Amino acid sequence: VVHWQSPHMHAYYPALSSWPSLLGGMLADAMNCLAFTWASSPACTELEMNMMDWLARMLGLPDYYLHHHPESQGGGVLQSTVSESTLIALLTARKSKILEMKSTDCKLDDSVINSRLVAYASDQAHSSIEKAGLITLVKIRFLETDEDFCLRGETLSQALEEDQRLGLVPFFLCATLGTTAVCAFDCLRDLGPLCA
């Protein structure tokens with residue numbers, strides 16, 4: 001038996017084991033609201049937007065990350081699962097890169113561009129990365145990690161050069177902070193500048 005709520009279970013986020021999460025679950029069950037979209041539940045969507053603004057303020061993020069700010073370009077949303085979050089991040093990055101490439105050559109077809117896109121993750125990344133790649137029809141290249149299960153900048157740099165020589169278009173890196181298998185951290189100090 002897997003003891004999901006044990007304080008010693010570190011493979012997954014502990015959920016439903018704190019008083020705030022129990023209270024939140026009871027309130028959500030009492031409302032019995034299907035909050036899929038703004039159209040299905042405007043009140044829940046507005047509540048989510050306010051909560052995301054609260055979170056952004058607690059984290060000290062700049063005002064343009066807020067929903068309710070004149071300089072806002074959007075704001076955050078809550079996702080149900082890691083898989084859903086990964087898929088949305090990959091879809092967003094793919095769409096952005098396709099629009100960028102079409103702005104320089106409007107004759108390019110979306111499917112042709114998509115066939116050239118390549119995304120990266122470490123060989124320790126969550127299975128949601130592979131699933132997102134399959135759904136979006138994007139090539140995902142899983143890069144080898146070092147002896148500490150960490151993805152390093154030199155590995156990514158080499159992969160970028162190889163793929164660009166092949167005519168592929170790198171557009172996405174899923175860096176991992178605490179892998180599911182061994183809680184390894186990719187070296188963001190090395191990876192960040194390569195992605196900028």
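In this predicted model, a good place to begin is an open sheet of 3 strands, arranged in the order S2-S1-S3 with parallel pairing. Strand S2 (139–143) and S3 stand at the edges and have a single partner strand each, so one side of each is left without a neighbour in the sheet. From one strand to the next, the twist averages 30 degrees.

The pairing of S1 with S3 can be followed residue by residue. Strand S1 (residues 117–122) and S3 are joined in the parallel sense over 5 bridges. Among the bridge partners, Ala119 is matched with Phe172 of S3, and Ala121 with Cys174 of S3. Although S3 is an edge strand, this stretch (residues 169–174) is mostly covered, with 6 of its 6 residues buried. Helix H3 lies across S1, S2 and S3, and runs at about 155 degrees to S3.

These elements come together again in the largest nonpolar core, which has 17 residues; Leu90, Leu117, Ala119, Phe171 and Phe172 touch the most other members. At least two residues of this core are supplied by each of helix H3 (82–104), S1, helix H5 (127–136) and S3, and the largest share, 5 residues, comes from H3. A second, separate core holds 10 residues, including Tyr120, Leu156, Ala159 and Leu191.

Leu117 offers a closer look at the surroundings of one core residue. Leaving aside neighbours within four places in sequence, Leu117 is in contact with Arg94, Lys97, Ile98, Met101, Val138, Lys139, Val169 and Phe171. One of these contacts, Phe171, is itself named with Leu117 among the core residues that touch the most other members.

Key. Residues numbered from 1 in each chain as written. Predicted model: local features only at pLDDT ≥ 70, side-chain atom pairs only at ≥ 80, totals over all residues. Heavy atoms only, no water. Buried < 20%, exposed > 50% of the residue type's maximum accessible area, 1.4 Å probe, protein only. Helix = DSSP H or I, 4+ residues; strand = E, 2+ residues; numbered from the N terminus. Pairing = 2+ DSSP bridges. Core = buried A, V, L, I, M, F, W, Y, C linked by side-chain atoms within 4.5 Å. Contact = heavy atoms within 4.5 Å. Axes fitted to C-alpha atoms, helices over the stretch in contact; angles between N-to-C directions.
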